[in-house]
Amino acid sequence: MTNAGTLNITTPTDREIAFTRVFDAPRELVFDAFTKPELLKRWMFGPDGWSLAVCEVDWQVGGKLRYVWRRDSNGTEMGMGGVVLEIVPPERLVATEKFDESWYPGEAVSTIVLVEDGGKTTLTQTIRYESREARDAVLRSPMEEGVAAGYDRLEKLLASWA
Amino acid sequence: MQPSGYDPNSPGHLDATFAALADPTRRAILARLASGEASVLELAEPFAISQPAISKHLKVLERAGLISRGRDAQRRPCRLEARPLAEANEWLEGYRQFWEASFQRLDALLEEMKSQKKPQRTKRGDRR
């Protein structure tokens, strides 16, 4: 894709992961894509070979969120639940999140902010964990897809710092 | 040879890696070492800071197992130790892969939504 934005991932504090990404669309559309289950199911499932099998979302304050990802080849599932804390269409979504088989302590709070400028939308998502240990455990989550150390990637990373 | 202070089985070692990487000067030092080993003097050159300050950064990097120092008493050249760095990167990389793959699909979906949006404008406040 020619206009594919760059995903920037940072760890702004020792309890947080944040990322920003620009989308070539007005924020109403991005907001819809993040909140409507029929749209979420079409994109939010990571690498090919996975799907978002269950997506039940009640986007009102106190409403419940439920996502289950499934690996199509062997049926492996990964579920996540949460509760909506704040919703301001089309600019702000705050919710708790917790994986079912949680391998990290406590619950996380995800804050999504959408800012539109000239028809493009910048998404910033910040996820705050209860502790640094929890955050670090998420970074080595099972989302990983057969990751081999990859010195070429390392090189790219170093080049991006230079 | 195992760089001193680096124990891959210790749960704390990634903390040390991330802490060492949190500083821009240290990241610049690592980027420089990616193209080959260098002495403290050579490393200090591009930075507007003193040699003792560079030495301090090198100690942090060495403790985190990110670099090792040669035995040559005069130069003690610094060398990049790729393993802990690759490991730290791997974690972030798994996370990145998930979202990059997802967002690329979202790009395509948004294009589709944009073209559909023109004839029939969606009503405001009609959201789930």
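**Exercise 1. State what share of chain A is buried.**

Step 1: Fix the criterion. A residue is buried if 20 or more other C-beta atoms, placed from the backbone, lie within 10 Å of its own.
Step 2: Apply it. Buried residues make up 25% of the 162 residues in chain A.

The model is predicted: local features need pLDDT of at least 70, side-chain atom pairs count only at pLDDT 80 or more, and totals for chains, interfaces and linings use all residues. Residues are numbered from 1 along each chain as its sequence is written, with chains lettered from A and ligands numbered from 1 in the order in which they are written.

**Exercise 2. List the elements of chain A in order from the N terminus.**

Step 1: Define them. Helices (H or I, at least four residues) and strands (E, at least two) are DSSP runs, numbered from the N terminus.
Step 2: Count. Chain A has 4 helices and 8 strands.
Step 3: Read along the chain: β-β-α-α-β-β-β-β-β-β-α-α.

**Exercise 3. Lay out the sheet of chain A and find its edge strands.**

Step 1: Pairing requires at least two DSSP bridges between two strands.
Step 2: The 8 strands give an open, antiparallel sheet, ordered β1-β2-β8-β7-β6-β5-β4-β3.
Step 3: β1 (8-10) and β3 (50-57) of chain A each pair on one side only, as edge strands.
Step 4: Take one pair. β2 (residues 16-23) and β8 (residues 120-128) of chain A are antiparallel over 8 bridges. Here A:Glu16 stands opposite A:Arg128 in β8(A).

**Exercise 4. Identify the strands that helix α1 of chain A touches.**

Step 1: Contact means C-beta atoms, placed from the backbone, within 7 Å.
Step 2: Helix α1 (residues 27-35) packs on the sheet, touching β2, β3, β6 (92-99), β7 (108-117) and β8 of chain A.

Terms used:
Contact = placed C-beta atoms within 7 Å. Axes fitted to C-alpha atoms, helices over the stretch in contact; angles between N-to-C directions. Buried ≥ 20, exposed ≤ 12 C-beta atoms within 10 Å, placed from the backbone.
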